[in-house]
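User: I would like a close look at a single part of this protein, and then an account of how that part sits within the rest of the chain. Please take your time over it.

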Amino acid sequence: MASDANDASNGTGKTAIGTVRRRKATSASVLITDKIADWGITIGGLMVIVAVFGIMVFLTQVVVPLFQGGDLETTRSYSVTPPKPLAWTNVDEYQTIGIRITADGQVSTFHLDTGTALDSVTFDFGGAVATAVGATARRNNIAFGFDDGTVRFAVIEPKVEILTGDSLPVGARELNDRDLTDGKAVYSRIPGNQLRRISLDARVDEPQTISEAGQPIIAIDYRTGGTVERPTRSFVTIDATGVARISRTETQINLLTRKATTRVLSSTLPELSAGIQVTNVLMTGQADQVYVANETGDIYRYDTRDFAAPRLAEKFDAFPGDQRLTVMGFLNGEQGLIAGGSEGTVRVFYRLQPENAGTEDGYKLILIRELEAHDSPVVNFASSQRNKSLVTMDLNGNVWLRHNTSNQTLLKLKREPLSDEGTQMLLAPRNDAVLVADAGGQVNFWSFYVPHPEVTAETIFGKVWYEGYLEPTYTWQSSSGTDVFEPKFSLVPLIFGTLKATVYSLIFAIPIALLGAIYTSEFLHSRIRSTVKPVMEMMESLPTVVLGFIAALLLAPIVETWIAAVLLAFGALPLSLMLAAYLWQALPYQWKLRLDGIPKFCLMFVTVAFGCYIAYAAGPLFENVFFYGDLKAWTNGDIGSGLPFLFLVLLPLSFLGVSYVFARTIGTSYRLALREMSQSQAPLVDMARWIAMLLTSCLVSYILAAALTAIGYDPRGGVVDTYVQRNALVVGFVMGFAVIPNIYTLAEDALNAVPSSLRAASLAAGATPWQTAMWVVLPTAMSGVFAAVMIGMGRAVGETMIVVMAAGNTPILDWNIFNGLRTLSANIAVELPEAVQFSTLYRMLFLAALTLFAMTFVINTVAEIIRQRFRKRAFQL
């Protein structure tokens with residue numbers, strides 16, 4: 001025994017009674033496993049950070065080119081022949097050949113890159129010289145006016161053909177690395193062992209007499225339209241005596257015989273002011289509007305929709321004061337009118353239809369914006385054939401590329417100061433080059449790359465005045481069926497839609513999820529809780545596309561049909577649960593013990609079903625009393641006033657106010673008196689008190705609603721407006737259903753993590769279980785509960801399929817709960833498959849993704865800061 005004791009005292013591993021003592025050293029395998037886990041967690045966390053950072057870098061890389069402007073690629077300057085007064089110029093879309101048309105009918109071509117002279121054609125004008133020239137927007141259909149009062153129409157355009165690689169003519173000489181020529185056409189090597197042949201196609205019609213008195217034509221504009229079987233040709237002319245005529249030819253072609261029958265319509269515009277010196281005339285493509293301008297800046301707008309009886313609709317001064325009008329033209333689409341002045345001013349006007357326009361046709365030209373001004377008179381203007389870009393040139397030879405929508409100057413080019421009035425300028429068909437040619441044969445040609453001219457921070461996040469709109473707006477509309485469309489890339493409606501969907505879904509989800517978590521954690525029997533919580537967590541596994549499908553095809557029509565019952569359910573369900581709670585308290589103690597647990601849980605579902613039935617049965621009565629029998633007509637503003645709806649909205653606020661007054665006045669005395677009553681009597685008295693407060697709240701709410709209505713306030717047009725079937729209300733229901741499991745699960749875990757000692761202390765101090773849950777457990781778990789709400793919010797912000805299918809997919813700024821919306825994520829899902837890679841739309845969608853990323857990052861950062869503050873307060877307990 002002494003030996004054993006000595007062994008024990010000497011640390012031999014045996015106790016005094018002879019047993020072996022466990023070694024206290026940690027085994028090597030545990031240490032290695034712990035080290036591996038430590039490194040794995042660290043590396044995994046770092047990889048997550050790197051992945052998130054990499055996503056942000058990738059999105060930024062795609063977005064940055066939107067704001068980088070344009071680059072000048074090549075500059076060419078050379079002389080071509082003949083040095084004669086120019087009437088018109090044109091180029092092909094591949095920047096291969098240029099076309100010069102002189103006033104005496106000579107049409108010549110040249111290679112744009114080198115200036116090499118190519119084929120030429122001379123029209124037989126009978127020795128006459130064109131006194132006026134007009135053309136269509138594509139610049140290929142041209143009308144010439146002459147001093148004998150006649151007009152000739154011509155087609156002068158580059159002809160493009162694709163040939164096989166062995167079709168190159170013998171003896172063709174090289175012009176540059178890409179192009180060769182045989183003297184008549186240019187052959188360009190293109191992928192696939194093919195050649196692109198571009199040559200001149202020029203045709204001219206016989207002269208038509210327009211001025212019966214033989215007066216010279218001093219201004220002309222020309223448009224073509226119709227179909228292949230029924231082409232139309234419209235033009236407007238002004239002669240030297242100031243007589244303005246508008247004419248239209250309609251040709252019907254027999255598809256079998258190819259015989260053409262032409263009908264000519266012509267009328268004279270109302271007489272212009274005596275002594276007017278016309279400088280410009282314009283006509284729209286539909287020939288329904290004609291603009292005549294003089295050099296003093298007066299613009300006469302004629303309404304020619306009734307071709308037989310045109311009328312002067314409006315006269316206005318584009319440049320009040322001494323400034324003269326020097327150039328006038330249309331932007332692409334002919335809704336924007338550009339006016340350049342002698343002081344370098346460039347103004348943009350839209351023809352709009354405001355209230356009290358004060359004009360003959362109800363439309364009015366309104367100054368929309370002034371572009372950056374030149375330092376000298378504006379002498380030339382050219383518009384894009386594809387978007388809202390334009391080019392202006394001043395007398396000092398400054399050539400500026402601009403964009404109307406973004407109101408920015410994209411490039412500033414420079415040539416020699418102008419020495420004559422015969423200078424022609426154009427913007428290439430693909431908006432990638434500018435050509436300036438003068439009567440002396442000097443040609444300046446610039447090619448450039450400006451991929452995203454319509455994008456600035458202002459057009460993305462600010463209000464922009466778009467064509468056809470009565471005021472600046474936030475608008476997203478990325479595409480249309482024609483090139484005259486003005487893209488609208490404001491992200492504000494999408495950000496707003498994201499917030500709107502999130503707010504309405506959280507209003508629905510947060511109360512249900514948090515109250516459910518509190519009930520499950522603090523009141524529900526453990527056996528039932530072990531079943532309820534897994535079921536709630538399984539709800540999260542439901543695919544959102546299925547929820548969206550159900551919302552769009554099933555729930556939305558049901559809500560539309562029973563909208564009054566749905567709205568009534570928001571009040572009927574809480575009231576029925578409150579009433580059931582008071583009745584439960586009034587039951588004898590023995591009954592409550594018997595019915596506790598599963599029977600009580602089932603009774604709650606019975607109460608909910610009863611509340612739904614009450615809402616369903618009373619729905620028609622509710623609609624008749626509060627919405628004059630037709631809720632949809634009421635939301636449109638067709639019937640009734642806003643008083644009933646104001647009453648419903650103010651009722652909860654009035655109830656809170658009445659409750660506060662009651663608690664501050666007789667609340668303490670009432671609670672002391674309530675303690676003296678029996679267990680069965682107290683709940684009934686308290687229910688009577690609650691009903692009395694509810695009736696008082698109804699009275700207060702009605703008085704407030706009547707006062708607001710008396711001063712002219714109507715809630716319609718704001719949160720409540722026109723009813724659309726797929727709307728934010730449906731989105732709130734379904735997205736809230738998707739968000740509830742997230743909030744519920746995390747909040748319930750946070751509540752269960754509160755130490756039981758705090759509950760026991762509260763109950764021992766005399767607090768009820770409900771008081772303990774609300775004033776002890778919930779504040780202690782607030783950091784976790786808040787985190788649960790923020791995670792649910794993050795889920796709602798990024799939700800896609802539910803919004804795509806159930807929200808109507810309309811990007812509008814409208815808090816109306818009965819209207820649709822479009823979120824950032826839904827917009828990306830809808831439009832990205834159709835976006836051309838690296839196009840403006842493509843990069844804007846990535847900017848939308850980056851914006852969503854930033855929103856989520858900011859929200860989570862703020863949420864984490866607030867959560868940490870709640871956590872510090874909880875630790876103090």
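In which strand is Ser108 found? Please also tell me whether Ser108 is buried or exposed, and which residues Ser108 is in contact with once its neighbours within four places in sequence are left aside.

Analyst: This is a predicted model, and what follows should be read with that in mind. Ser108 is found in strand E4, and with a relative accessible area of 6% Ser108 is buried, because the cut-off for that class is under 20%. Leaving aside neighbours within four places in sequence, the residues in contact with Ser108 are Thr81, Pro82, Gly98, Ile99, Arg100, Asp119 and Ser120.

The loops around this part deserve a look as well. Strand E4 covers residues 106–111, and the loop between strand E3 (97–102) and strand E4 carries Asp104. Asp104 forms a salt bridge with Lys84, and the closest N and O atoms of the two are 3.0 Å apart. Lys84 belongs to the loop between strand E1 (71–79) and strand E2 (86–91), so the bridge ties together parts that are 20 residues apart in sequence. Unlike the buried Ser108, Asp104 is partly exposed, at 29% relative accessibility, and Lys84 is likewise partly exposed, with a relative accessible area of 28%. As a general point, side chains of opposite charge can pair when their charged atoms come close.

The bridge between Asp104 and Lys84 belongs to a wider set, for the structure holds 31 salt bridges. One of them joins Asp221 and Arg223, with an N to O distance of 3.1 Å; here Asp221 is buried at 5% relative accessibility, and Arg223 is also buried, at 9%. Another pairs Asp303 with Arg305, whose closest N and O atoms are 2.9 Å apart. In that pair the two partners fall into separate classes, since Asp303 counts as buried at 4% relative accessibility, whereas Arg305 counts as partly exposed at 48%. Asp303 and Arg305 are also members of a network of salt bridges that links them with Arg311 and Glu360.

Elsewhere in the chain, a contact between two helices involves residues of another kind. Helix H9 (residues 598–627) and helix H11 (residues 643–665) have axes that come within 8 Å and cross at roughly 110°, which makes H9 roughly perpendicular to H11. On the H9 side the contact is made by Phe622, Phe626 and Phe627, and on the H11 side by Pro644, Phe645, Phe647 and Leu648. By class, this contact has 7 nonpolar residues, with no polar and no charged residues.

Finally, the chain as a whole gives the setting for strand E4. The chain contains 20 helices and 34 strands, and 47% of its 877 residues are buried, Ser108 being one of the buried residues. Its radius of gyration is 40 Å, whereas a compact globule of 877 residues would have one near 29 Å, and its C-alpha atoms fill a box of roughly 135 × 85 × 60 Å along the principal axes. Of the contacts between residues at least 6 apart in sequence, 60% join residues at least 24 apart.

Note on methods
Residues numbered from 1 in each chain as written. Predicted model: local features only at pLDDT ≥ 70, side-chain atom pairs only at ≥ 80, totals over all residues. Heavy atoms only, no water. Salt bridge = Lys/Arg side-chain N within 4 Å of Asp/Glu carboxyl O. Helix = DSSP H or I, 4+ residues; strand = E, 2+ residues; numbered from the N terminus. Buried < 20%, exposed > 50% of the residue type's maximum accessible area, 1.4 Å probe, protein only. Axes fitted to C-alpha atoms, helices over the stretch in contact; angles between N-to-C directions. Parallel < 35°, antiparallel > 145°, perpendicular 65-115°, else oblique. Contact = heavy atoms within 4.5 Å. Nonpolar A, V, L, I, M, F, W, Y, C, P; charged D, E, K, R; others polar. Rg over C-alpha atoms; globule rule 2.2 N^0.38 Å.
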